[in-house]
Amino acid sequence: MFRRTIVVVISVLWLMNMCGCVALLAGAAGGAGTAAWLSGKLSQEVNASFDKTLKAAKSALRSFKLKVTKETIEEKVAQVMSNYTDGRTIWIDIHRVSESTSRVEVRVGATGDKDIARKILDRIIRYL
């Protein structure tokens, strides 16, 4: 069993090295319904439309008593910005993956605060 696990891990690492892309791992995690922490952002694919996810993100911020300071909406991506209670900037990016699937990325502060990003992402998912 241990040997089999080692072989699988090495195979995955080798595959990522051959592709030259760590995003492969993040994409696999997001597709499985789990959040991935990558480059200071917490990212997760959700089974909800782009519009519904955008509405949930704004509702989540309101539930924390945080105001939307900037909102940019394009055809395939939207960004909602706010400020956390300590002044750090919150970025929520919503990407249209398909008609019924979106990817949500949450970043808090310049270097990323994983714990607060997790709370915000969990609240967004609750509103879906």
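Two strands count as paired if DSSP finds at least two bridges between them. In this predicted model, β5 and β6 clear that bar nicely, with seven bridges joining them in an antiparallel run. One of the pairings puts Ile90 opposite Val108 of β6.

Zooming out, these two strands belong to an open sheet of six, laid out in the order β1-β2-β6-β5-β4-β3 with antiparallel pairing. The edges go to β1 and β3 (68–73), and each has a single partner strand, so one side of each is left without a neighbour in the sheet. On average, and ignoring direction, neighbouring strands are turned by 20° against each other.

Two helices pack on this sheet. Helix α3 touches β2, β3, β4 (77–83), β5 and β6, and its direction makes about 165° with that of β5. Helix α4 touches β1, β2, β5 and β6, at about 145° to the direction of β6.

Now for α4 itself, which covers residues 114–127. Its 14 residues should span 20 Å at 1.5 Å a residue, and the end C-alpha atoms are indeed 20 Å apart. Which of its residues are buried? Ile116, Ala117, Ile120, Leu121, Arg123 and Ile124 are. Seen down the helix axis, the buried residues fall within an arc of 160°, so they line one face of α4. The cover over them includes β1 (36–38), β2 (41–46), α3 (50–63), β5 (89–96) and β6 (102–108). On the face turned away from that buried side sit the exposed residues Asp115, Lys119 and Arg126. At the N-terminal end, Asp113 acts as a cap, with a side-chain oxygen 3.2 Å from the backbone nitrogen of Asp115.

Note on methods. Residues numbered from 1 in each chain as written. Predicted model: local features only at pLDDT ≥ 70, side-chain atom pairs only at ≥ 80, totals over all residues. Heavy atoms only, no water. Helix = DSSP H or I, 4+ residues; strand = E, 2+ residues; numbered from the N terminus. Expected span 1.5 Å × (residues − 1). Buried < 20%, exposed > 50% of the residue type's maximum accessible area, 1.4 Å probe, protein only. Arc of directions from axis to C-beta. Contact = heavy atoms within 4.5 Å. Polar contact = N/O pair within 3.5 Å; in protein donor to acceptor, adjacent residues only side chain to side chain. Axes fitted to C-alpha atoms, helices over the stretch in contact; angles between N-to-C directions.
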